[in-house]
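Work through the exercises below with the model open. Try each task before reading its solution.

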Amino acid sequence: MENKGWKRIVVLSFPESLVTASSSTSKKARSLVLEKADEATIQATLTRIQQDEGPIAAFIHLHPRLLVDLSAESRFSETEKQILKLVFLMAKHLATPLKEATIGNRATFMTVVRNNGKLGFDPKGPVSPIAGGLNGLLKTANIEWEPVFCRAVDLSPEIQDTKAAALITTEMLDSDSRISEIGYTPTGRYTLTADEQEVLEPAAEAPIDSSTVFLVAGGGKGVTAACVTELASRYHCRFILLGRSEIPDNEPDWAMDCFDDTELKKRCMEAFKTAGEKPTPMKIAARLKQILSGREIQQTVQAIQSAGSQVIYLPADISDAKQLKQTLKSAVDELGNITGVIHGAGVLADKLIEKKTAADFEAVYTTKISGLNTLLTVVGVDKLAYLVLFSSAAGFYGNEAQSDYAAANEILNKFAHGFKQQFPSCHVLAYNWGPWDGGMVTPELKKIFEQRQIDIIPIPVGAKMMVDGLSPDYKNIPQVVIGSSMTIPRQLTEQLESFRIRKHLSVTSNPFLKDHAIGGVPVLPFVSAISWMADSCARLHPGYQLHSFENAQVFKGVVFGEKAEQDFQIDITETEKDDSAGRIALDVRILSSDTKGKDVFHYGARIFLFRQSVPVPVISWQEGQSATEQSAAEYYENGTLFHGPVFQNVTHLLQVDQEKLVIKCQTPEIDEKTIGQFPVDVFNYFAEDACLQALLIWARHFHDAGSLPLKIQRGEFFGVIPFSREFLITLTPESSTSSKILATVTAHDEAGNVYSRFTGAEAAISKNLDGKFK
């Protein structure tokens with residue numbers, strides 16, 4: 001970092017009671033040690049740093065490497081929990097300074113761990129679940145602190161320290177604010193996405209029967225109770241339910257047979273008065289909660305019994321292993337040994353990060369993580385056939401006001417992967433639930449979700465999905481996300497902004513360039529350049545997606561001739577922002593510098609981002625189609641199409657006349673290494689390149705000449721063309737001469753559903769271009 005120009009750097013170490021002091025120091029950086037592991041000391045130390053050094057513009061937490069194993073004593077290290085809590089409190093006290101630092105500058109909040117480089121997925125060795133909790137904190141900070149760049153980084157321990165430092169710096173300077181977590185192994189860079197899957201009926205029933213015994217935390221009420229009741233009706237297994245609430249032996253006379261909330265509250269108030277007590281709102285709420293809670297638990301027990309299952313409810317503190325083991329003894333004697341655990345307990349303490357307290361963190365962490373540790377300790381992990389964890393989409397996506405809850409649930413997620421790796425015969429599933437229509441979702445919160453267009457899980461649907469997940473079909477899937485992100489799209493600032501992003505490109509880092517060579521020299525495809533411009537804009541505006549572009553032009557193509565690697569910059573200027581319409585317009589230029597330092601412009605376009613998707617148009621394309629298909633192979637063989645294997649999309653000509661050209665295409669599967677530095681996030685530029693290849697085929701067929709695409713007046717996108725699936729391209733000429741073709745080119749499926757449409761696609765035609773492509 002010193003080499004990057006950061007002059008004022010402070011290295012703040014944790015107390016040696018938590019972490020052994022590092023032997024490596026920097027002569028240019030100031031070193032401080034946190035004297036105590038408490039909030040007051042953190043606040044005082046951060047204040048002192050700002051007074052001595054100036055405003056804090058970046059914070060990087062380098063998580064210590066700690067020994068990780070899943071034994072009862074070590075699976076959730078108390079030391080590591082304290083470190084997580086300290087980072088949580090530092091985030092609280094850095095919220096305001098970092099947001100203030102974004103005025104005219106870039107502010108950064110980053111955490112770096114050394115897990116497996118794949119963010120806890122596919123673990124081949126010990127992975128710290130608590131370190132994964134930092135990701136939940138960062139993802140929430142990324143939502144709450146809109147201007148601050150937040151990034152959680154997981155570096156494989158195999159990566160050497162020098163390389164690790166370079167990767168950390170690279171991530172600090174990344175322009176993509178859509179991504180909040182990144183992992184690195186020696187062979188790749190990773191992030192996590194939730195791929196939508198069709199919900200299918202399981203092919204096989206779970207091997208659960210009336211002898212199977214589940215221990216369920218939080219199973220007496222709410223959504224966990226609904227899931228347990230569904231499980232009971234499906235398999236008639238046995239349950240030991242644990243909850244914080246006591247079931248009163250008898251309700252008071254005044255509450256008997258009263259099920260109207262207003263009337264019950266009135267009777268409660270009168271009962272306090274009769275007893276000579278003042279009926280304060282707090283007393284009334286506590287008494288009613290006790291009665292209603294007891295009723296709900298009794299209803300759950302009765303429902304399970306009616307389904308043909310045996311059940312015992314026990315009020316218990318799941319943070320006390322010794323007491324819980326004693327409490328469970330008689331239930332185990334009656335029902336049998338526990339072979340399944342369902343951890344559905346949880347509490348909320350919703351506040352923005354800067355309003356959080358250490359007590360909030362402890363309450364959320366204790367119920368979720370200490371509670372799980374207790375359950376596994378009293379049951380014994382070797383006996384488990386099922387481990388079901390009720391995590392949350394807040395952990396996977398982050399969620400406003402739930403930094404502690406997101407962190408705790410991400411710990412559950414990482415633990416699920418690690419536990420599955422160590423105990424492969426156990427069916428492990430962490431359900432990342434979105435909001436349910438009930439449970440912690442109050443009527444007021446439900447209304448907010450509906451306004452945000454966030455899907456709410458109906459209780460019967462969610463309960464069925466939970467039980468279906470116990471089928472052997474899902475035995476090797478430790479984590480399932482059910483629901484979408486619960487955040488509101490960010491509001492656009494009124495001020496129009498400009499950005500400059502630098503990028504180093506090489507043929508080695510982008511192997512696909514070798515399949516787009518003119519005269520043997522790799523050239524960046526025009527559609528790849530458009531994708532680069534569009535993707536750069538989308539990275540800067542989370543919640544928005546590419547809708548269209550205008551006036552895309554090639555000024556001077558990027559050619560990797562004598563220079564196999566080059567430096568470029570992309571200049572982006574916002575020209576229009578309309579938050580109410582959900583629309584952003586940006587002018588973009590890709591440029592480099594010549595040997596004299598002068599700007600060389602390569603590509604340009606105006607990019608339009610929309611918040612919402614637009615309806616997919618449908619076209620009629622089959623009129624005039626020939627009954628026979630003509631192979632397109634000759635066009636790749638004779639040099640009309642100079643493209644190598646990854647761009648050889650065109651397979652057949654279906655129609656070619658003065659009115660229309662229709663071609664059949666299919667893009668091969670392409671691995672991440674070949675794709676390199678040009679992700680296919682905004683559109684599949686490998687497939688879209690066939691739209692421009694259609695221009696070249698037209699020019700060859702009607703003018704027997706080579707051609708070169710130079711300009712597209714307008715491009716619209718309605719869907720991403722899949723790899724390894726047939727699609728069609730219809731070219732309709734707008735004007736055609738011996739020197740130029742101007743056409744509308746539409747990519748669509750066989751039913752006419754449009755993927756993209758290029759209007760005013762222009763290519764220069766010349767006999768002189770023939771030799772260049774061979």
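Accessible areas here come from the Shrake-Rupley method with a 1.4 Å probe; for residues, only the protein chains shown count as cover. The model is predicted: local features need pLDDT of at least 70, side-chain atom pairs count only at pLDDT 80 or more, and totals for chains, interfaces and linings use all residues. Residues are numbered from 1 along each chain as its sequence is written, and side-chain values use heavy atoms, with hydrogens and water left out.

**Exercise 1. Describe the whole chain.**

Step 1. Take the surface. The accessible surface of the protein chain comes to about 35400 Å², and 50% of it belongs to carbon and sulfur atoms.

Step 2. Take burial. Buried means under 20% relative accessible area, exposed means over 50%, and partly exposed lies in between (1.4 Å probe, protein chains only). Of the 774 residues of the protein chain, 52% count as buried.

Step 3. List the secondary structure. Helices (H or I, at least four residues) and strands (E, at least two) are DSSP runs, numbered from the N terminus. The protein chain has 17 helices and 28 strands.

Step 4. Judge compactness. The radius of gyration of the protein chain is 31 Å, close to the 28 Å that the globule rule gives for 774 residues, so the chain is as compact as a globular protein of that length. This radius is taken over C-alpha atoms, and the rule is 2.2 Å times the number of residues to the power 0.38.

Step 5. Add the dimensions. Along its principal axes, the C-alpha trace spans about 100 × 70 × 50 Å.

Step 6. Look at contacts, meaning heavy atoms within 4.5 Å. Among contacts between residues at least 6 apart in sequence, 74% join residues at least 24 apart.

**Exercise 2. Compare the spans of helices H4 and H9 with their expected spans.**

Step 1. Set the rule. The expected span is 1.5 Å times one less than the number of residues.

Step 2. Apply the rule to H4 (residues 161–172). Its 12 residues should span 16 Å, and its end C-alpha atoms are 16 Å apart, which agrees.

Step 3. Apply the rule to H9 (residues 358–379). Its 22 residues reach 30 Å from first C-alpha to last, close to the expected 32 Å.

Step 4. Check H9 for a bend, the angle between axes fitted to the seven residues ending at a residue and the seven starting there. H9 has a kink of about 45 degrees, centred on Thr366.

Step 5. Look past the end of H9. Gly380 follows, with a positive phi near 90 degrees.

**Exercise 3. Which residues of H4 are buried, and what covers them?**

Step 1. The buried residues are Ala164, Leu167, Ile168, Thr169, Glu171 and Met172.

Step 2. Their cover includes strands S3 (58–62), S4 (108–113), S5 (149–155), S6 (181–185) and S7 (188–190).

Step 3. Pick a residue in S3: His61 is found there. At 3% relative accessibility, His61 counts as buried. Leaving aside neighbours within four places in sequence, His61 touches residues including Phe14, Ile83, Met110 and Leu134.

**Exercise 4. Place strand S13 among its partners.**

Step 1. Check its cover. In S13 (residues 427–433), seven of seven residues are buried.

Step 2. Sort its side chains. In a regular strand the side chains alternate between the two faces of the sheet. His427, Leu429, Tyr431 and Trp433 point one way from S13, and Val428, Ala430 and Asn432 the other way.

Step 3. Find the partners. Two strands pair if DSSP finds at least two bridges between them. S12 (residues 386–392) runs parallel to S13, joined by seven bridges. S13 and S14 (residues 479–482) also pair in the parallel sense, over four bridges.

Step 4. Match residues. Phe390 stands opposite Tyr431 in S13. Asn432 stands opposite Val481 in S14.

**Exercise 5. Trace the 12-strand sheet.**

Step 1. Read the order. The open sheet runs S15-S19-S20-S21-S18-S25-S28-S27-S26-S24-S23-S22, with antiparallel pairing.

Step 2. Find the edges. S15 (498–506) and S22 (630–631) each have a single partner strand, so one side of each is left without a neighbour in the sheet.

Step 3. Step inward from S22. Two bridges join S22 to S23, and Gln630 stands opposite Leu653 in S23.

Step 4. Go on to S24 (residues 661–666). A hairpin of four residues joins S23 to S24, and the two strands pair over five bridges. Five of the six residues of S24 are buried.

Step 5. Finish at S26 (residues 726–736). Six bridges join S24 to S26, with Val662 partnered by Thr730.
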